[in-house]
Amino acid sequence: MNKNLKLILLFLITFSASISANSEQNVFKKVLDNGMTILVRRNPTIPSVFIELFYHVGSKDEQTNEKGLAHLLEHMVFKGTKEKLSETDIPVITHKLSGNCNAHTHYDWTSYEFELPSRHWAEALPILADCMTNCTFKQDLLNAEFKAVIQELKMGRDSYAQVLYKELISTIFSDHPYHYPVIGFKQDIWEINNVNLMKFYKKHYHPNNATLVIVGDVDPIEAFAKAEKEFGAIPRNANYKKNEFYFDNDIVSRSVTLYRDIKNPIGICAYVIPGKKEGHTFALDAVSTVLAGGASSRLYQKLVEEKMIVNSIGSYNWQCFDHGLFFIYFEPKDVNKIEEISILIKEEINNLLNNGITENETTKIVNSLKYEYFTLIENNSAQAGCIGQFYLITKDENYIFNYFNYDSTTLPDKIKEITAKYLRPCLMHKGFVLPAPDSEKTNLLALQEKHDLEDKKVLNERIRQSEVEPENYAHHVNAKPVDKYNFPKSTNFITSNGIKILHYENKNTPTVSIILELKASSEYDSRELPGVSALLGSVLAKGTQKRSYKELTQELESHAIGLSINIASGTVSLNMLSSEFEHGLEILTEILTQPAFNESEIEKERNMMLESLKLTLDNPKSIAGEIITKNLYKNHPYSNGTFINEDNVKKITKEDLINFYEKYITPKKAKISISGNISQDDAKVVLEKTISKWAGSDIEEINYPKLEKTKAETINYTLNRDQIVLKLVSLSIDRNHPDYDKLIIFNQILSGSLDSKLFRLREKTGFFYNIGGSVTSGSGHQPGMFIISTMVSRDNLSQAEELILNTLDTISDDITVEEVRQAKDKIISSLIFNYATNGSIASTLLFLDDYNFPKDYFDTRARDIEAVTIESIKEAVKRHVDTKSLLKIRVGRV
């Protein structure tokens, strides 16, 4: 081992020791007498708490006649209890308390979560405790939920990459419960009734199989007392025992190939690896980082940059508790190159085995994992998820905070060991989604129609007869007044080259987020050369006059500096450790002032852009979005991107890119927002040494044309998919319109919670798995849009459209005082999330400055929202929600 590598590894040991020393009480633990575990992590950054109740049961624990029960049970647990909760109580209460709730089923666990303001967090506990023992699973409610689960199945079948992952998992784990999909097979779901659901529930849902995780602005002692009060009296199941499952891990290579109506193939290589319980997560993450973690990784450089035979490549560790898979996923440019790609992947893994990791790769591992750690502790929900999942399998409540307590001097040898043992050539499994031959497309269509008929037949036998139950317990839950919060304020100054700086010193984590907002964007593209700004953004990241693209990416990634250049949106962002602040700005300045415009890199990015255009044609939502933009924003700069096509991209020359760069990439009218652990004085010094050297010309303002009111029209785009993407849209208002506050309150009533008017349609009919809407989507300096968005099966399309339109026609008259009250509370309570992370703070500071809002805007925001009356909301909705002027877009088998 060379001297520098030893120093890097010594640093990692020192860093891990400091994390451990500072984190002895990261997570507080208490085990109740009934065996239930309570884990509390205090994070008082913002007044919000995330509560997640884990049950150590997942689809893995289903017996032969129980497939699909764990997932369907998760759908039904919030649908009512014996005495306290009706089917609507939890959505109503959550919305009333300005929170969110959700649930998840995994192979190894199931969880139920609430995110609530800290003044309300404890209200989740009696609900979760009641749901642990008293659920009813009424057959009529189950009948309605079947439709939603079938819609979920159809959605899954339309995500071809996910289908491939699941098929590979099923094929590889042929003799282990991971063989079965979490959602179950359709024929399993058809057989489920409330009797076998109740039996599974009673078997697995009890306190000694549960772990409650609480993260946020909460006192651990208070949390333990409240949890004891709600859960302490629930009896344990002394006879409960977890089963062990066998897997015959053979020396075998399996392959799965799916054929679909797509234009772009998908490839996956997979290797069986140990599960989380074996403790190899750190080493496996390191291997993933080296092989395919970013643009400087070995496989990216080999297959994307050097060979140019894949559009993209990445890797990740899919680790369940018992076993896992090391996935390498890629998008081949040519199906005939797939075998070559597989061979090159094997060669690169063999190279890692024989030669080990380099000094640069070790630095990259250290810094990237450090940054990921500090990003994690900004996020309550991510922390709760990691704490709970790792505790279930390791029984170490501080596992994620002790993640760096690894004998790092052994890391190079450990990586070799992992590679030699688990990533051997004979153990590579392969999966592909390939374009179906024309001769098979009619057969695909016939199969889909067969599935539709099967689903319709079964669902017609399971019709809900009863009306949706009104709330019960919700009447006994009262919202508390919103606590006053001291919103952060920026300090502003101007650099010597005229850039306005918005700065906030945030000492919560040793990280910094920077956003450079340019005046230019795709709105400055000409109609003769649409896409020039998008291509320029990619090209600027491809090297400078001082560094090649490879050198640039190695420098960025080895220092864990995240750089994103998006000239089409007019933004450049940097995220880094605060110790890298000056270095990050030096690199940004180099990119802005000394771009290389290397011909070969331009051609690579042009080809990538062309491949990206092809990918759009496989994505129904992207297709719908482009149709919407093109029709709502005709002859407006917002629609410039919709004119990008193969011919236009091929026309763009190096001179065109340089002309756009020289004319529009300028500090004139630019702003930089900085949030993180860096003082204003230090920021000023560094900015003057770096970005102040950037010069450029003045930039003209755009004269935006007046947009015409939308005319009713139906646009169908035929694509062979299980579900139809349905969008109903019309032009709306800009951010400064007098009706804006009225309409954002209405947005909450329309689609802001599980108790919203649109979600109630889902509960009543089961037509949709998800449905959402907004009257102010994209509202900025120019008008946004009113949009309703969902996915629906073909046989329910007409009914769904009629139901939505009928609801919208009367919606303004149906708004209640209680709905307005709860919507206002939710908006006011959500203001704090603008300041949850450095990234969100930097974005918020720019937002305030862009609209010339005062620094105390959020301090007075609650007062402005409270001043809006129900009458004014109803009138605004009547003005801006007009079903007779809706553009209807359908993408699918239409």
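**Sheet, helix pair and a buried histidine**

Helix H27, formed by residues 797-810, lies across four strands, namely E19 (723-731), E20, E21 and E22 (887-892), and runs at about 150° to E21. This arrangement belongs to a predicted model, and the description below concerns that model. A second helix, H25 (residues 740-751), lies across E20 and E21, and its direction is at about 180° to E20.

The strands beneath this description form an open sheet of 5 strands, with mixed pairing and the order E18-E22-E19-E21-E20. Strand E18 (713-718) and strand E20 (771-777) stand at the edges of the sheet. Each of these two strands has a single partner strand, so one side of each is left without a neighbour in the sheet. On average, and with direction ignored, neighbouring strands of the sheet are turned by 15° against each other. The edge strand E20 runs antiparallel to E21 (residues 785-793), to which 5 bridges join E20. Within these two strands, Ile771 stands opposite Thr790 of E21.

A further point of interest is the packing of two helices. Two packed helices are described by the angle between their axes and the distance between the axes. For helix H13 (residues 359-376) and helix H18 (residues 549-558), the axes come within 8 Å and cross at roughly 40°. H13 is therefore oblique to H18, since an angle counts as roughly parallel when under 35 degrees and as roughly perpendicular from 65 to 115. On the side of H13, the contact is made by Asn360, Thr363, Lys364 and Asn367, and on the side of H18 by Gln554, Glu557 and Ser558. By class, the contact of H13 with H18 has 5 polar and 2 charged residues, and no nonpolar residues.

The surroundings of one histidine were also examined. His206 is found in the loop between helix H8 (194-204) and strand E6 (210-216). The relative accessible area of His206 is 4%; because buried means under 20%, His206 is buried. The side chain of His206 has a polar atom 3.2 Å from the backbone oxygen of Lys203. The side chain of His206 is also joined to that of Asn208 by a polar contact of 3.1 Å. When neighbours within four places in sequence are left aside, His206 is in contact with Tyr55, Met132, Asn237 and Tyr240.

Note on methods
Residues numbered from 1 in each chain as written. Predicted model: local features only at pLDDT ≥ 70, side-chain atom pairs only at ≥ 80, totals over all residues. Heavy atoms only, no water. Buried < 20%, exposed > 50% of the residue type's maximum accessible area, 1.4 Å probe, protein only. Polar contact = N/O pair within 3.5 Å; in protein donor to acceptor, adjacent residues only side chain to side chain. Contact = heavy atoms within 4.5 Å. Pairing = 2+ DSSP bridges. Axes fitted to C-alpha atoms, helices over the stretch in contact; angles between N-to-C directions. Parallel < 35°, antiparallel > 145°, perpendicular 65-115°, else oblique. Nonpolar A, V, L, I, M, F, W, Y, C, P; charged D, E, K, R; others polar.
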